[in-house]
Amino acid sequence: MYVKVAICLTIAVLLLISCSIYAGTINAKSYFFPLLQPPPLRLSLCATDRPLRVYMYDLPRKFNAGMMDRGTSLVAVPATVENFPPWPKTSGLKRQHSVEYWLMASLLYDEEEGSEAIRVSDPEMADAFFVPFFSSLSFNKHGHVTTDAEADADRQLQVELLEFLRQSKYYQRSGGRDHVIPMTHPNAFRFLRQELNASILIVVDFGRYPRNMSSLSKDVVAPYVHVVDSFTDDDPLDPYESRTTLLFFRGNTVRKDEGKIRVKLANILAGIDDVHYENSVGTPRSFKMSTKGMRLSKFCLHPAGDTPSSCRLFDAIVSHCVPVIVSDKIELPYEDEIDYTEFSIFFSMKEALEPGYLIDQLRRFPKDRWINMWMRLKNVSHHYEFQYPPKKEDAVNMLWRQVKHKLPGVRLAVHRSRRLKVPDWWRRKR
């Protein structure tokens, strides 16, 4: 009797499974051959709303926070949220190149809400890899000490970092393409920069980068960290009339390359009553004077410097002073999300050097249009604030989102490199 019951149950189960397979409710392969199942397809990061998952290498403190505290520069233990030093208020112009510090700090901060990137401890889970080397601070700290490249501490750090990365299986896996490396100072990583040209570089412009090393297609343009105080209570009854200076510039007028235009502009703009054009250097007093001057000006002049961009543009933005940009080769942060023509005015270098032209255009600029730009500046200025803890939509989170936008191109390059027998065949002459 029991045998008959068992046979009936077996037939019933087989009949149920057969019907389910026929109806499509059971996948026969997964049911009978689970080991033959392909791995789940990894969706493009840009097809999801989740934060960017970033693995940060645990580098010794000498590569980052140790440069800020001589007493810990030789400590091998990596920086943590508990021992990470605050950015010094007395850092002067070094602050403008401190993007590397704020990116690292954001990953040490363990809070996912409102964050565009979160740190993961398992590199297998990472979308991108962050290399916490303060290359800009390293140049500012070591780069001016000696002209002997072999004895240069900055160069030695670059050599050691490159050796470390080449031993990483994750760097080898992608050829460094999914690695994020800040280089915001024009001379950052200057000795071995070309060895990292496949990575996602965080730069402020492309003034000193050859085209075969850095480009908009793979790299992220960051704002300088502003050095003037943010204008947080800018609410006058008539903002246009409250700013009595038409055009303001305060900075070093002796520059190289395209920055030579500054001396020429000084001659053209000299002697105009409501134009303030002054040569100065970066000191605490100078920062205070610039803060005051920008807040009292309708327009703030941003000519090219040693490279196409400078901190002055972002000082103007947080001062709600409409930027007047004279730089033919400038690239701007977050430009796939922000339209700078909504709050800035652009002149070619040729136009700016035509006597009387620039000032005439500014005097004719309609008041209502200026007020719209001023209001837009107030609405976007939080995107240029670097702070700890980071806040939603601030500069750090905007930059991590820009990194996220680069990753589909990274994956395309990695996947193609795995199957191409003739790399870059389309570039060859046909």
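Modeller: The chain holds 14 helices and eleven strands. This is a predicted model. Of the 430 residues in the chain, 48% are buried.

Biologist: Let us start with two helices. Why are H3 and H14 called roughly perpendicular to each other?

Modeller: Look at the angle. Helix H3, residues 99-108, packs against helix H14, residues 395-419, at about 85 degrees. Angles of 65 to 115 degrees count as roughly perpendicular. H3 and H14 are therefore roughly perpendicular to each other. Their axes lie 10 Å apart.

Biologist: Which residues make the contact of H3 with H14?

Modeller: H3 supplies Val-99, Trp-102, Leu-103, Ser-106 and Leu-107. H14 supplies Val-396, Leu-399 and Trp-400. By class, this contact has seven nonpolar residues, one polar and no charged ones.

Biologist: What makes H3 count as mostly covered?

Modeller: Ten of its ten residues are buried. Among them are Glu-100, Tyr-101 and Met-104. Buried means under 20% relative accessible area.

Biologist: Now H14. How do you know that its span is close to the expected one?

Modeller: H14 has 25 residues. From its first C-alpha to its last, H14 reaches 38 Å. The expected value, at 1.5 Å a residue, is 36 Å.

Biologist: Where in H14 does the kink lie?

Modeller: The kink lies at Lys-406, and its angle is about 30 degrees. The proline Pro-408 comes shortly after.

Biologist: Leu-407 is in H14 too. Is Leu-407 buried or exposed, and how do you know?

Modeller: Its relative accessible area is 4%. The cut-off for buried is under 20%. So Leu-407 is buried. Leu-407 and Lys-218 are 189 residues apart in sequence, but their C-alpha atoms are 8.5 Å apart in space.

Biologist: Let us turn to Phe-314, in helix H10, residues 312-318. Why does Phe-314 count as buried?

Modeller: Its relative accessibility is 3%. Buried means under 20%. So Phe-314 counts as buried.

Biologist: What does Phe-314 touch, leaving out residues up to four places away in sequence?

Modeller: Phe-314 touches Pro-223, Tyr-224, His-226, Pro-333 and Tyr-384. Val-225 is 89 residues from Phe-314 in sequence, and the two are 7.4 Å apart in space, C-alpha to C-alpha.

Biologist: Next, the loops. What makes the phi of His-320 worth a look?

Modeller: Phi of His-320 is near 60 degrees. That is a positive value in a residue other than glycine. Most residues other than glycine have a negative phi. His-320 sits in the loop between H10 and strand E10. With a relative accessible area of 4%, His-320 is buried.

Biologist: Glu-393 also has a positive phi, near 70 degrees. Why is Glu-393 called partly exposed?

Modeller: Buried means under 20%, exposed over 50%, and partly exposed in between. Glu-393 has 22% relative accessibility, so it counts as partly exposed. Its place is the loop between H13 and H14.

Biologist: Pro-389 lies in the loop between H13 and H14 as well. How do you know that the bond joining Tyr-388 and Pro-389 is cis?

Modeller: Omega of the bond is about 0 degrees, and the bond is cis. Most peptide bonds are trans.

Biologist: One last pair. At what angle do H4 and H5 pack?

Modeller: Helix H4, residues 135-143, and helix H5, residues 153-166, pack at about 145 degrees, with axes 8 Å apart. The contact includes Phe-139 and His-142 of H4 and Leu-157 of H5. By class, its residues are three nonpolar, three polar and one charged.

Key
Residues numbered from 1 in each chain as written. Predicted model: local features only at pLDDT ≥ 70, side-chain atom pairs only at ≥ 80, totals over all residues. Heavy atoms only, no water. Axes fitted to C-alpha atoms, helices over the stretch in contact; angles between N-to-C directions. Helix = DSSP H or I, 4+ residues; strand = E, 2+ residues; numbered from the N terminus. Parallel < 35°, antiparallel > 145°, perpendicular 65-115°, else oblique. Contact = heavy atoms within 4.5 Å. Nonpolar A, V, L, I, M, F, W, Y, C, P; charged D, E, K, R; others polar. Expected span 1.5 Å × (residues − 1). Bend = angle between axes of the 7 residues up to and from the residue. Buried < 20%, exposed > 50% of the residue type's maximum accessible area, 1.4 Å probe, protein only.
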